[in-house]
Amino acid sequence: MSKKKNTYAGNKRKNGSKKPVLIVASVFVVLIALLVIVNTITKDNVYGKSMSQLNPATRELLDDANYQNIMLPDELDELKNDKKNFFVYFFSSTCPHCKYTTPELTPLVKELDVDMKQFNTLEFPAYIRSEVIEYTPTLVYYENGVQVDKIVGGLAEPGTEGNKIEDYRAFFEKYKAKVNAPRKG
């Protein structure tokens, strides 16, 4: 009988020692769940969407210095309705041509002191059709809220034909004065 008591006493100690582990594990699970909920609810990004609603490729670009002048659909619609002159660079976070072009275009925009808004078509796909965007990237100049001119496609990679940085420079210089000029009336 004494062997059974010792075995029972040993089991009792083992079960008692599992209690703190279960409590710690439960607290850990609750904390993880809270972090997930907070991350899902938080809309602390330029897109005004929860992190869980953003495409993973877009999340990767949130801290990228080349993608910090993001325009949302409301702003695009407002500029068009107000008949403003402006540039918009339509891109997709998953587009390899955008990833090649944007880091080259960003310094040019800074050098020329141009306000080029960036519109992510991956996050707002309805605008691909409404803005007649055939390929990303596409740089569009709007005059009086209407598309007047655009450069379709990104920079040509070495050894290929296509757009050159000089094409973008000429495009910006052609319309820059109209974009930066105050509107009359």
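1. Start with the β3-β4 register. Y142 has Q147 as its bridge partner in β4. V140 is matched with K150 in that strand. This is a predicted model. Strands β3 and β4 run antiparallel and are joined by six bridges. They form a hairpin with two residues between them. In that turn, N144 has a positive phi of about 55°.

2. The other neighbour of β3 is worth checking too. Five bridges join β1 (residues 86-91) to β3, and these strands also run antiparallel. V88 of β1 stands opposite V140. V140 is therefore a handy reference position: V88 faces it in β1, and K150 is its bridge partner in β4.3. The whole sheet is open and has four strands, ordered β2-β1-β3-β4, with mixed pairing. β2 and β4 are the edge strands, each pairing on one side only. From one strand to the next, the twist averages 25°.

4. How much of β3 is buried? Five of the six residues in this strand (138-143) are buried, leaving β3 mostly covered. L139 belongs to β3's stretch of residues 138-143. Leaving out residues up to four places away in sequence, L139 touches F87, V88 and Y89, as well as M116. Its contacts also include D149, K150 and I151, plus Y168, F171 and F172.

5. Now the core. The largest nonpolar core has 39 residues. L76, F87, L139 and F172 have the most contacts inside it. The elements giving two or more residues are α3 (73-81), β1, α4, β2 (116-120), β3 and α6 (165-180). β1 gives the most, with six residues. Nonpolar side chains tend to be buried together in soluble globular proteins.

6. Two helices lie across the sheet strands. α3 lies across β1, β2 and β3, and runs at about 145° to β1. α4 lies across β1 and β2, at about 155° to β1.

7. α4 deserves a look of its own. This helix covers residues 96-112, 17 residues in total. From first C-alpha to last, α4 reaches 25 Å, close to the 24 Å expected at 1.5 Å a residue. There is a bend of about 35° at T102, and a proline, P103, follows within four residues. T102 is among the buried residues of α4, as are C98, T101, L105 and T106. L108, V109 and L112 complete that buried set. After the helix comes D113, with a positive phi near 55°.

Key:
Residues numbered from 1 in each chain as written. Predicted model: local features only at pLDDT ≥ 70, side-chain atom pairs only at ≥ 80, totals over all residues. Heavy atoms only, no water. Buried < 20%, exposed > 50% of the residue type's maximum accessible area, 1.4 Å probe, protein only. Pairing = 2+ DSSP bridges. Expected span 1.5 Å × (residues − 1). Bend = angle between axes of the 7 residues up to and from the residue. Core = buried A, V, L, I, M, F, W, Y, C linked by side-chain atoms within 4.5 Å. Contact = heavy atoms within 4.5 Å. Axes fitted to C-alpha atoms, helices over the stretch in contact; angles between N-to-C directions.
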